[in-house]
Amino acid sequence: MKIRIATAALMLATMSLPAFAADEFYVVQDVKTKKCTVVDKKPTDASMTVVSPSGAIYKSRTEAESGMKTVKVCTSN
């Protein structure tokens, strides 16, 4: 019985881990328009560039939006 409970707890923990990893936000700048936005996935193509200080990864959208106000290339537009 204890093995079943331990196995169930382990399976539940493994399934919930990806949900915790999804809390990543980036401040990016469109290469063509020079407009800054907040995205929840790291850009993989060359049309967007991460411009947050030292490539910072934010835990919430609100935190990323506040961080965007401190990025010089985003405030100069």
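Student: I would like to start with one residue, so where does serine 60 lie?

Tutor: Serine 60 is found in the loop that runs between β3 and α2, and you should keep in mind throughout that this is a predicted model.

Student: How should I read its accessibility, and is serine 60 buried, partly exposed or exposed?

Tutor: The general idea is that a residue under 20% relative accessible area is called buried and one over 50% exposed, with partly exposed in between. Serine 60 has a relative accessibility of 29%, so it counts as partly exposed.

Student: Which backbone atom lies 3.1 Å from a polar atom of the side chain of serine 60?

Tutor: That atom is the backbone nitrogen of glutamate 63. Serine 60 also shows how the fold brings separated positions together in space, for its C-alpha atom is 6.5 Å from that of aspartate 23, although the two residues are 37 residues apart along the chain.

Student: What can be said about serine 52, and in which loop is it found?

Tutor: Serine 52 is likewise in the loop between β3 (48-50) and α2 (61-68), but its relative accessibility is 5%, so by the 20% limit serine 52 counts as buried. A polar atom of its side chain lies 3.0 Å from the backbone oxygen of alanine 56, and once the neighbours within four places in sequence are left aside, serine 52 is in contact with Val27, Tyr58 and Val71.

Student: Let us step back to the whole chain: in what order do the elements of the protein chain run from the N terminus on?

Tutor: The order is α-β-β-β-α-α, which gives the protein chain three helices and three strands. Of its 77 residues, 18% are buried, and the accessible surface comes to about 6,000 Å², with 63% of that belonging to carbon and sulfur atoms. Among the contacts with a separation of 6 or more, 38% are between residues 24 or more positions apart.

Student: How do strands of a sheet pair in general?

Tutor: Strands of a sheet pair through backbone hydrogen bonds, and the arrangement is either parallel or antiparallel. In this structure the three strands form an open sheet in the order β2-β1-β3, with antiparallel pairing. Because β2 and β3 stand at the edges, each with a single partner strand, one side of each has no neighbour in the sheet. Direction ignored, neighbouring strands of this sheet are turned by 40 degrees against each other on average.

Student: Over how many bridges do β1 and β2 pair?

Tutor: Strand β1 (residues 26-30) pairs with β2 over four bridges, and within this pair valine 27 stands opposite valine 38 in β2. Helix α2 packs on the sheet, where it touches β1 and β2, and its direction makes about 160 degrees with that of β2. The hairpin of β1 and β2 has five residues between the strands, and there lysine 34 takes a positive phi near 65 degrees.

Student: And which residue in β3 stands opposite valine 28?

Tutor: It is valine 50, and β1 and β3 pair in the antiparallel sense over three bridges. Strand β1 is mostly covered, in that four of its five residues are buried.

Student: Which residues does valine 39 touch, not counting those up to four places away in sequence?

Tutor: Valine 39, which lies in strand β2, touches Glu24, Phe25, Tyr26 and Val28 on that count. From C-alpha to C-alpha, valine 39 and phenylalanine 25 are 5.6 Å apart in space, and they are 14 residues apart in sequence. With 22% relative accessibility, valine 39 counts as partly exposed, because the limit for buried is under 20%.

Student: How many disulfides does a search of the whole structure find?

Tutor: The search finds one disulfide, and it is formed by cysteine 36 and cysteine 74, with their sulfur atoms 2.1 Å apart. This pair links distant parts of the chain, since cysteine 36 is in strand β2 (residues 36-39) and cysteine 74 in helix α3 (residues 72-75), 38 residues apart.

Student: Is the link of cysteine 36 and cysteine 74 left-handed or right-handed, and are the two cysteines buried or exposed?

Tutor: The link is left-handed, with -90 degrees about the S-S bond. Cysteine 36 has a relative accessible area of 12% and is therefore buried, and cysteine 74, at 14% relative accessibility, counts as buried as well.

Key. Residues are numbered from 1 along each chain as its sequence is written. This is a predicted model: local features need pLDDT of at least 70, side-chain atom pairs count only at pLDDT 80 or more; totals for chains, interfaces and linings use all residues. Side-chain values use heavy atoms; hydrogens and water are left out. Helices (H or I, at least four residues) and strands (E, at least two) are DSSP runs, numbered from the N terminus. Buried means under 20% relative accessible area, exposed over 50%, partly exposed in between (1.4 Å probe, protein chains only). Contact means heavy atoms within 4.5 Å. Accessible areas come from the Shrake-Rupley method with a 1.4 Å probe; for residues, only the protein chains shown count as cover. A disulfide is a pair of cysteine sulfur atoms within 2.5 Å. A polar contact is a pair of N or O atoms within 3.5 Å; within protein, one must be able to donate a hydrogen and the other to accept it, and residues adjacent in sequence count only if both atoms are side-chain atoms. Two strands pair if DSSP finds at least two bridges between them. Axes are lines fitted to C-alpha atoms, for helices over the stretch in contact, and angles run from 0 to 180 degrees between N-to-C directions.
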